[in-house]
Every structure is written in structure tokens, then in C-alpha cells.
Amino acid sequence: MNIIRLDTIMGLKWLLYGLGALILEKTMEQEEGIVYSSLKLGPSQLNSCCSLLRAGDIEWITNIPPDARLKLKEYIFPDHLPYVDLIYSPGSTNATVRTKMALDVDALQNDHLFYAVVCQRIGTINEIENGRLLALEDINDNSPEFLQTHYSASISEVSEINFVVIKVEAVDKDYSPWFRLLTYSLWGPNSDYFYIREGDGNIMVNKTLDYNKINLFNLTVQAKETFGNNSATASLLIHIEDYDTLNPYFTQPVYYGKISENKLGPLSVLPEKIMAKDGDVGINEKVVYSIKLVDPPAYRNTVSFNEDTEELEVKTAIDREECPYLVVGIQAAQQDNILKTTDSVVLVTIEDVNDNPPVFSQSSYNVSILENFPNGMEVLQLTATDKDEGGFNGTFILTSADSPFQLSQSGILTVRNSTLLDRERMPSIHLEVLAIDAEINGLTSSALFHITVLDVNDNNPEFQMQPYSFVVPEGAYTPGTPARVGQVTATDLDEGQNAQITYYLSSEDEDNPYSIQQNGTIVVNGYVDRETRDKYELLVVASDNGVPQRQNFTYVSIQVLDVNDNPPRFTKAQYSASVRVATAEEGASVISVSATDLDIGNNSVITYSLSSHSDDFHINNRTGDIILSSNLDHITADTVVTLTVFATDHGVPPLTSNASVTLYLLVNDTSFRLTFDSPSYSFSIQENEPSGTPVGFVKALTGSIAVQVVYSLKSHTDKFFVGDQGDIVALVKLDREEEDLYSIIVEAVDSVVPPNTALALVTVRVNDVNDNPPVFSALTPTKLSAPENAANLDLGVFPATDLDTGVNALITYSLQDDFAGMFYVNNSTGKLMTKRSLDREMMDSYELKIIATDSGKPPQYASLVVSITVEDENDNPPVFPQKLYSATVKENEPPHVILSAAATDEDIGYNAIIHYTITAEPYLFHVGELSGNITVLQPLDYESHSQYTFILKAFNPGEPYMQDTANITVTVEDVNEEAPVFDKPSYYQILLDNSTAGTLVVDINARDESKGYDEDIFYNISGMLEIDLTGAYYWSTGMLFS
């Protein structure tokens, strides 16, 4: 019989020992101190071991003889047998031992399972028993458990560090000692006051305890396996017991009491009733109260402490004007131990009764204010004093309701309606102000205001006419002999410099022969030619001398009158014509002359005449036509007649010019006529082509091959040439922008005698080449101004022109730098705009380069630099460099400047003008309206007022109104003017010979000027008396003790 060993089944490690069937002999083997029975197996039997096991099996037994029977039997521990079962049928050669129930080391209380396999041959009583020892590995399947789920303990607050509070204990039911090892921990609010001693579970004190801070600890104790993750917790309550260690304490370090003057009885106390408690709240011993100090000392017997009501009471009426405050020092002692004490202070306020009227700082006020002061602008801070408590806290009332001003209840006089503050209508204002200290039964006083309205440059100069028109004859004028053209007049409603006017005269271009005198007279002092320019449009600017300057403008139109300074000009210097005698008829026009005159009116009306009489010709004096006076039948041979024609204008005096007219009187005639093959020709040529470039061809027809023709040009011979074959070429480079169309007369002359002539009109068009860049007009304004804080401003159109035509003249506009999208130019019109608001404080000027590009190939460029100055708006308030200023002034010093507190404003010009005002008493301090210098106006007295605080305000008068404020503190430095004075000239006191140390001998009081008794006064003793100053004399109070 073979025994098969199984090592791992169902997660447990098994150690099995072989069992053999009875074959030859029984053997005994011993292993690990235990004796087992087994059978020796031969080699053939060992080789018969079978294969795989199934789950739950402990061992397989094979090759069981047919006459043998197997069973299981108890082995050492009888209670182990129920855990195994033998799967076996009598007569079977195989058997299996398997688990019958779950194995639990903790339930067995053993880490080995013991049983025996017994083999008995049928018919015999002998049994072979083989013991089995199955090793079991414990599983950590039990969590720790505390002996109690809730622990509690009580200890005194004076328990020392490492004092044992309580012991906690937990156990783990696992069989393995490793699984039973536990570690303790403690947590919860303020758990750091305790710790658990490692190893025994004792809770120990870790920090000093205080019942008044924490009197109950609610903690959690945890037990956790040292080599596992299972844990358990238990609650722990630790009660702290109070101990009498603390003195009493007042509920407040300072109490605030109050009572009306002349009233008796208990004080009204805040923030709560006066109360002292035992510091050991768990014991709470009763306390008793006493008064230890009253300041001023003269009121020591005025207050007392009522033990029954535990209230502080006033026994003698107090006058607030004499004593507005009391300081009462109180003490509370523990009744069972008077050495345990605590102190507190009651600050008593004597409340006022209204019995003093308000008093203005001045009976009358003289104030100057700029006209047009913005609404809400402060003019003056009124102040009134009241001897009652708190001074004057009443209301100011302005008696006139329709004045430009309004008065706040706090006494700030401000502008109500700035439109009424017009110096031109109301140069001064008189007002009365009332001060009332209470709404009901209030006392009243009054003061007068005299307000002078100062001029502000708020009126533009105004011209009497809009616009002006003048005339001037053309001619040559010089600065030495100017001619008066006319006078403009502007007036300004302001006064002084604000009304003084300066005139400026300008024109759109540099051609300005005019100037203006400061009385508004316009004179001409240069050459004026009507034929060059017949009208001048000028701009006259009238500017006052205020700050800021205000301007107005008007236009002046000056018409230049014509003077007969131009003679008539003939269109040609010489005229010629051929006249066929055979066909000549009296009255027929043979040629027409023409002249023009640059003057106008009668100065340009022309009359024509011949220099001498002719029998054959006369001239129409109006049209210039030369007309036959006869039919020329007396002319028998070819004749040349030369006439001189005069052109005379109708000016005074009249001007004349002349021209020569040559007439060819032809007698001979032929039947042949020379003609061009076309009466007119049209050609074109690109501009800038080189000299010799062909233009086109013309041809004259003769009717006979034997007749030769010679061609010539009768016009534009400086630009073109015609060859013998009629080929026309350009002599020079042509410029289309100079002239884009030429009309050329070509003459053909044949070889017939006399020769025949023919004329043809040739039109030559010059085609454009992109040879001209765009050009910005010199009249285009390039220096602009634009207001800040305004978006989408239209800055104007900046057009360029191009002398080319067509596509070559199509212009596109762009900006070289748009300053991060700040500016935009319309690419087709040149309109310049802003896309965002300008901020002068960020950038006060811009230089924009506008690029104009035509569409030719290659394109041509031009640029225009536009300078833009950003106009300031009042968008920045004045700013003080600091919010708090302090100055120290010695008392009795004469008036002088004590502080300069200048504000700055990021704006410029008028918007940066800063005005200053203060809220202090005007009879004590003054601030320079424009400088910010604060001046003390009279000597100050330290004893009456040791410190002044007021507000300095900086504002600018622009729109909108903007301001900043700073706090001013003026400290008056004391000058020791007077020595302390004792309240008595001498002191006399009898001291008993049995007086003990610490007995009060005498209380010596001295006062220095307005200070209280003993305030800042030091005492010493000199003379015959010798005193140990280490305890006999309290120098801070002036009290003398024995």
C-alpha cells in the first residue's frame, strides 16, 4: 500500500507522513519526538504512487490489499478526530483522508491536528496503527478587543507630568503570539495633553493642566496589531478637577461709566455691570469690593461703592465744565483670602447739559472765489465753538435760499449753482449764516459773509462780424509802404489779462502778403497780382492772455481788384494767308487774328485796328477778321502784302500790342490740287520712349509720279520731326503729365511751279506710364490735435494725387505704424480715425506716417508724416505724495510757513492748476491757494491747545471736479514759561512719635500751568529733614510717608 503526501490544500500547509500496508514487516520510525508506525515499501511499490489530488483531500492511500480494512482512530487529542473523515469502501484498493469541517487553530488551541490510520486484515484481530501529525498555520482572523468599551477618570489640574491617569487594556484571541502583539495610540481634541506609556496601556499626563482652559477631555484610545491591520477603539473621558490657584478677576479690564452733571446716584456702566469673579471657576469664592484711587484726587469723597447693589455711586454733584472725567480705581479681594486681589479702572464721563451758545470763529468772513467754481466745490469751512461737551455739533443755516451757494449742516460752504457765479453779472455777494447747536431749544449765533467773485478766463473773444470781406487793388506793396485793407474788431467780456486780445493772421498756404496789427487793422505789404490770385481767404485768430488762453476766429475774404497791368497778347506773333485773286470777292474774310488780355472787365475788352490804311483790306475791330475791301481785279501779278494789326484794351490808360500779317495774293493757277490721303491722322506713343521712336506715317497724293513732295511740320517742331517719306518720329522723350495730346499740322509741298501745298491734322496721344509717385498736397494739415478719452475720432482725410492716369493713379492708403491698433486709415479714401480712446498721460503725442501707394507696376510710393498732439482732459485728480503730514510749532512763535504740502496732477495746463483749502480755523492757519504752503497766522499757546488736526484739500477747477485730501497734524511744542505752583504756600503736620513706617505724613500737590495736579511734576526734598528715599517718599505723587 502506498501513501501519497499532499503539501498544499485549501490554502493550508500540510505536513503528511506515509502509511504503508502490511506486506512484509512492521517498522517503527521516530520523527521530531513522535513515534509513528509505518511499513517499508519496496521499489516497485514506490513506483505505483498515483497522480493528482482534489481539493479537501489530506492524503490518498493506494494498493490496499483486498483482505485489508482501514479506519481512522483518535490519536493523542480525541477532540481532533471529528475534523477528518475517511472516504473508503470495504474491498476497495484506494482510500482518501479529507477534512470534515473547517480547521480553526484558535478553536483547537493547537497548531497541529492529530489522528491515526488503522489497518486490520479480515479474520484477524491485529491492527496496525499509524499516527498522523498535520501542521496548521494560524490565520490573523481576530481583531483586538478592549476589556472595556468606555473608560473614565478624574484628576486634579495640579497633577504632575507623567502622572498615571488610568490604565486601558485590550486582548487578541488569535493563537499565534505574533498576532497577539498590540500597539496603543491616543487621539482626539487636545490629546497632546496625555500619552500612553508603551507596553502597559497606562495613560500619562504629558502637559500642564488648567481647569479654566480645559476641564474635560473626550478622547479615543486605539489598540492595533503590531504585525497586522486589525484594530479596536474605546472612548476615554478625563475630568479635570479645579484647584484654588488663581486670584479673582474683573469681567472687564476697563469699565466706562457715565452720569449727567449735577446728578446723584449710581453710574450707568458699560459694557456690562461691574463684576469680579473667582479665577477658579470650579470653586468660585465670594469677593468684596473697594475704591483705591480717584483722579482728580479732589473728588475722592465724591464716589462710593454700594456693597448691597455692587454699584458705583456719585454722592456729590459734579460740574462737567470743571471736571469732565473721573478715573476710579477699584479692587476686588477674595473673601476667604484678602491677599488674593484684582484691580480694574472705571472711566467716568460727566455728561453735559446744553447751557452755552455756539460762537463763530469770526463775526464776519471775507472770501474771494473764482467765478464758475464747479458745483459742489468747497468755498470755506465754517467753524464754531461751544463750551459744552463735544464743542459745537449743531447745524449751520444759510439765510438766503436763492444764492449761488449752499451750506452743509457741518458748515462746509459749497457752490450750489455755478451758473450764477458769473463775475460779469455779479461781482460780489453778501450772505448771513446762522449756527444752531440743537434742533430743540437750541442756542443760536450769526456771522456775515462778504464774497468777492474773481474773474476767470471763461469768455472767448467775440468778433463783431462773421466773416469779414475787404477789397484791395493789385499791385506791388512793400513793408515800408503798406496799404490798409480793413479792420477787424474782437471784444472779451473778461477783465485784465483775460480781456487783453492779441490778433494772428494766417492763410492756408505760404502765399500771404498780408499782416495784422494789434488794433485789428489788416495791411498788405507784398506783391498782389490779380491774374495770379484774385482772392485771398485768410483766418484771423483773436487770443486773450488768460490762463488757459481762449481763442476765437473768423474768416476774412480779400478780393483783389483788377488794374490794367496786362497788354493784349496775340495768339501768334505772325500770321500768313494765301488769297486767290481769281476768286477774291469784296467783303470776304481772308484771315482772322486773335488776342487775349489777362485782365478783366473793360481792361480785357480788345479793339483791333490796322497800323495804316489799306485800299484792299480792312479789319473788323471787334472780331479781328481781315476782310477784302475790293475784288483785287487790279492785281495782275503775284503780290505779297504785309499788314500790321494793333490790339488795344479799354483800360485806363489803354495798353496795346501788335502782330504782323503776311498775305500772298496769287494770280497764277493750275487744275491740279495736292491732297493728303486722309484729312486727319491719329497716332499714340508711350511716354518716356527714347528719341527717334516712330510715331506714324502720313502721305500726300500728287496724281503724278514725277511730282515730288516735301513734308514739314507747322507745329511742335521741338517734339516731332517728319521725314521725306512722311514718317513722323519723336525728337525727345514725351511726358504725358506735361501734355497728353498733341495736334500737329503737317504741310506737304509739291515740286510743281508754282508749288502746291496741302495740310493735314495729326493727333498724337501720349499713353501713360507709371512714372509719377502719389503726392500729398502741401496744403494738407500735418499738425493736428485730438482730445483724450474719446473713441472713434475723425482726424480728417489725407488725400494724395497722382499725375498718372487709370490704374497707375489708383491710390491705396496705409499706416507704417498704427500704434498697436490705436489708429486706422481708410485704404481707399485716406480718412484717418482713432479706434480707441487716447490717453495723454500714457502718450501725449504721436507721429503717424501715412503711406500712399499707387497700383502701377512697379508701384510708386509717397508718405506724409502727421503729428498728433493729444489734448488734455481733466481726468486725473491732484494727488498728495503722502496722506499724513505733521509739523511742530513752538508756542508763541510769530506767523510763518510751517509746512509745504504740494500735490501733483498728471494733467497739464489749466487742468493741472491746483488750488488748496483747509478745514482749520481761518484765524489760526492759512494755506496758499496755489502754493500749498500752510502758514500759522498767530502765536499758538500750548496750554490752551497742544495739537491741531485738520484736512488739507487739493482740487483743480476743471470739469469734472477732482480732489485729494491729506490729514495735517500740527503739534504745539511747549515752552516752559512758568514754574510749578504748590496749592499751599506752606505745609504743617504733627507726626506722632509712635508712627510706623508707611504712615502718610502729608499730601503735597503742585500744578504747572494748565496741567493737572502732579502731571509731569517731579518732587524732591532739601533742608534739615533726612529721609530714606528708598521707601519714604513717593516722587510720582508728591505724597510723603514716614
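**Figure 1. A close-up of Asp85, a partly exposed residue.** In this predicted model, Asp85 has a relative accessible area of 30%. That puts Asp85 in the partly exposed class, because the class covers everything between the 20% limit for buried and the 50% limit for exposed. You'll find Asp85 in strand S8, which spans residues 84-87. Which residues does Asp85 touch, not counting those up to four places away in sequence? The list is Leu72, Thr96, Val97, Arg98 and Lys100. Take Val97 from that list: Asp85 and Val97 are twelve residues apart along the chain, yet their C-alpha atoms are separated by just 5.8 Å.

**Figure 2. A close-up of Asp872, a buried residue in a loop.** Asp872 sits between strand S77 (861-871) and strand S78 (884-890). Is Asp872 buried or exposed? With a relative accessibility of 15%, Asp872 counts as buried, because the cut-off for buried is under 20%. Its side chain has a couple of polar partners to look for. One is the side chain of Asn911, in a polar contact at 2.9 Å. Another is the backbone nitrogen of Ile908, which the side chain of Asp872 reaches at 3.2 Å. Setting aside neighbours within four places in sequence, the contacts of Asp872 also take in Glu788, Arg840, Glu841 and Asp907.

**Figure 3. An open sheet built from five strands.** Reading across, the order goes S24-S22-S30-S29-S26, and the pairing is mixed. Which strands stand at the edges? They are S24 (268-270) and S26 (287-295); each has a single partner strand, so one side of each is left without a neighbour in the sheet. On average, neighbouring strands here are turned by 30 degrees against each other, direction ignored.

**Figure 4. A closer look at S29 and S30 from that sheet.** Strands in a sheet pair through backbone hydrogen bonds, and they can do so parallel or antiparallel. S29 (residues 325-334) and S30 (residues 337-351) run antiparallel, with ten bridges joining them. To get your bearings, find Ala332, which stands opposite Thr342 in S30.

**Figure 5. Stepping back to the whole protein.** The secondary structure comes to two helices and 89 strands. The radius of gyration is 65 Å, well over the 31 Å from the globule rule for 1042 residues, so the protein is more spread out than a compact globule. Its C-alpha atoms fill a box of roughly 195 × 135 × 55 Å along the principal axes. Buried residues make up 41% of the 1042 residues.

Definitions and conventions
Residues numbered from 1 in each chain as written. Predicted model: local features only at pLDDT ≥ 70, side-chain atom pairs only at ≥ 80, totals over all residues. Heavy atoms only, no water. Helix = DSSP H or I, 4+ residues; strand = E, 2+ residues; numbered from the N terminus. Buried < 20%, exposed > 50% of the residue type's maximum accessible area, 1.4 Å probe, protein only. Contact = heavy atoms within 4.5 Å. Pairing = 2+ DSSP bridges. Axes fitted to C-alpha atoms, helices over the stretch in contact; angles between N-to-C directions. Rg over C-alpha atoms; globule rule 2.2 N^0.38 Å. Polar contact = N/O pair within 3.5 Å; in protein donor to acceptor, adjacent residues only side chain to side chain.
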